[in-house]
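Thanks for sharing this one. Here are a few remarks to read alongside the sequence and the coordinates.

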Amino acid sequence: MIESTRWRVRAIDGKAPGTGSVPTVEFGSEGQVAWYDGCLRHSGTYRFTEYELVASRRGPMEEECMKPGTRVNFHPSGNYRTQDGLLEVLYEDDGTKTILEPLAKDAELSREGTPWELAAFVEQGVTTRAAGEAPITLTFDRGTLRREGAIYGSTGCNDYRAAYEYPTARNTFERIVVADPVSYPRECPDTRDLSDENRFLEILGDLGEHPATSGNGQLTLETKDGRKLVFRQRNKEKGTPRESAGDIRKHR
């Protein structure tokens, strides 16, 4: 039976989810269900027949996914069966097959954020590429934008962290307010050029507009006076952001 059980996704169409983005689902008693889709948390109700499992989310979303790249698209609804201790869910609309394995009640999986890498600054309408021997990165804790949270990363030499608030106006999220970042020194070469670091932290502490993400793996953070930080999804193979000249130029 499915009631009062917890599961983690082992594979979707034969591919295992990435570290920190492993979807889970917990079927409670009295038709209650909670699941994590690899980035966001959901809760609601569920019902099932002999072959079909239907889960419905309730309430408004209070989080927004801020992980770069394509994340796992998991929802615990579809045709299902249990076999050899595993739960298989088949989505009829696209034929996707998800295999889940039991998860102990006291087990907790990591829900890490994923770093973005700074590609460019935009100031007074002029775009300049981020330079430096090491990348400047930014991560939303838990990979989500919430009403209150933290962002952190590397300035290319030192580490930093900043709290933020994401207030609502007329029930619509409109802006992000970031506290002054706190820098944690590391061992940096005496010859290190810290101009990009100082520039980055100054703009980060002045943010005031809604973060904008795009399908091509880009994140833009903007101040009320129009200064911008443009981030790219990191290239896991080379450790550099994925970008094109056209993507950068469009911020001019």
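The points below go through strand pairing, turns and a few surface residues.

1. A word on the source before anything else: this is a predicted model. Please keep that in mind as you go through the remaining points.

2. I would begin with strands 2 and 3. Strand 2 covers residues 24-27 and strand 3 covers residues 32-36, and the two are antiparallel partners joined by 4 bridges. To find the register, look at threonine 24, whose bridge partner in strand 3 is tyrosine 36. The pair makes a hairpin with 4 residues between the strands. In that turn, glutamate 30 has a positive phi of about 60 degrees.

3. Strand 3 also pairs with strand 4, residues 41-48, again in the antiparallel sense, and here there are 5 bridges. Tryptophan 35 is a handy marker, with histidine 42 as its bridge partner in strand 4. Strands 3 and 4 form a hairpin as well, with 4 residues between them. The turn residue to check is glycine 38, which has a positive phi of about 105 degrees.

4. Next comes strand 7, residues 78-83. Strand 5, residues 52-57, pairs with strand 7 in the antiparallel sense over 2 bridges. One of the contacts to look for is leucine 53, which has glycine 78 of strand 7 as its bridge partner.

5. Strand 7 has another antiparallel partner in strand 8, and 5 bridges link these two. Asparagine 79 is bridged to leucine 90 of strand 8. Which residue in this hairpin takes a positive phi near 55 degrees? That is aspartate 84, and the hairpin has 2 residues between its strands.

6. On the surface, I would point you to a negative patch formed by Asp13, Glu52, Glu92, Asp93 and Asp94. Of these, glutamate 92 sits in the loop between strand 8 (86-90) and strand 9 (97-102). Is glutamate 92 buried or exposed? Its relative accessible area is 64%, so glutamate 92 is exposed, the cut-off for that label being over 50%.

7. Finally, have a look at glycine 125, in the loop between strand 10 (116-123) and strand 11 (126-129). Glycine 125 counts as partly exposed because its relative accessibility is 41%, a value that belongs between the limits of 20% and 50%. Glycine 125 and glycine 226 are 101 residues apart in sequence, while their C-alpha atoms are 7.9 Å apart in space.

Terms used:
Residues numbered from 1 in each chain as written. Predicted model: local features only at pLDDT ≥ 70, side-chain atom pairs only at ≥ 80, totals over all residues. Heavy atoms only, no water. Pairing = 2+ DSSP bridges. Patch = residues over 30% accessible without salt bridge, like charges linked within 9 Å, V, L, I, M, F, W, Y side chains within 5 Å. Areas by Shrake-Rupley, 256 points an atom, 1.4 Å probe, with all protein chains shown as cover. Salt bridge = Lys/Arg side-chain N within 4 Å of Asp/Glu carboxyl O. Lys, Arg positive; Asp, Glu negative; His and termini not counted. Charge placed at Lys NZ, Arg CZ, Asp CG, Glu CD. Buried < 20%, exposed > 50% of the residue type's maximum accessible area, 1.4 Å probe, protein only.
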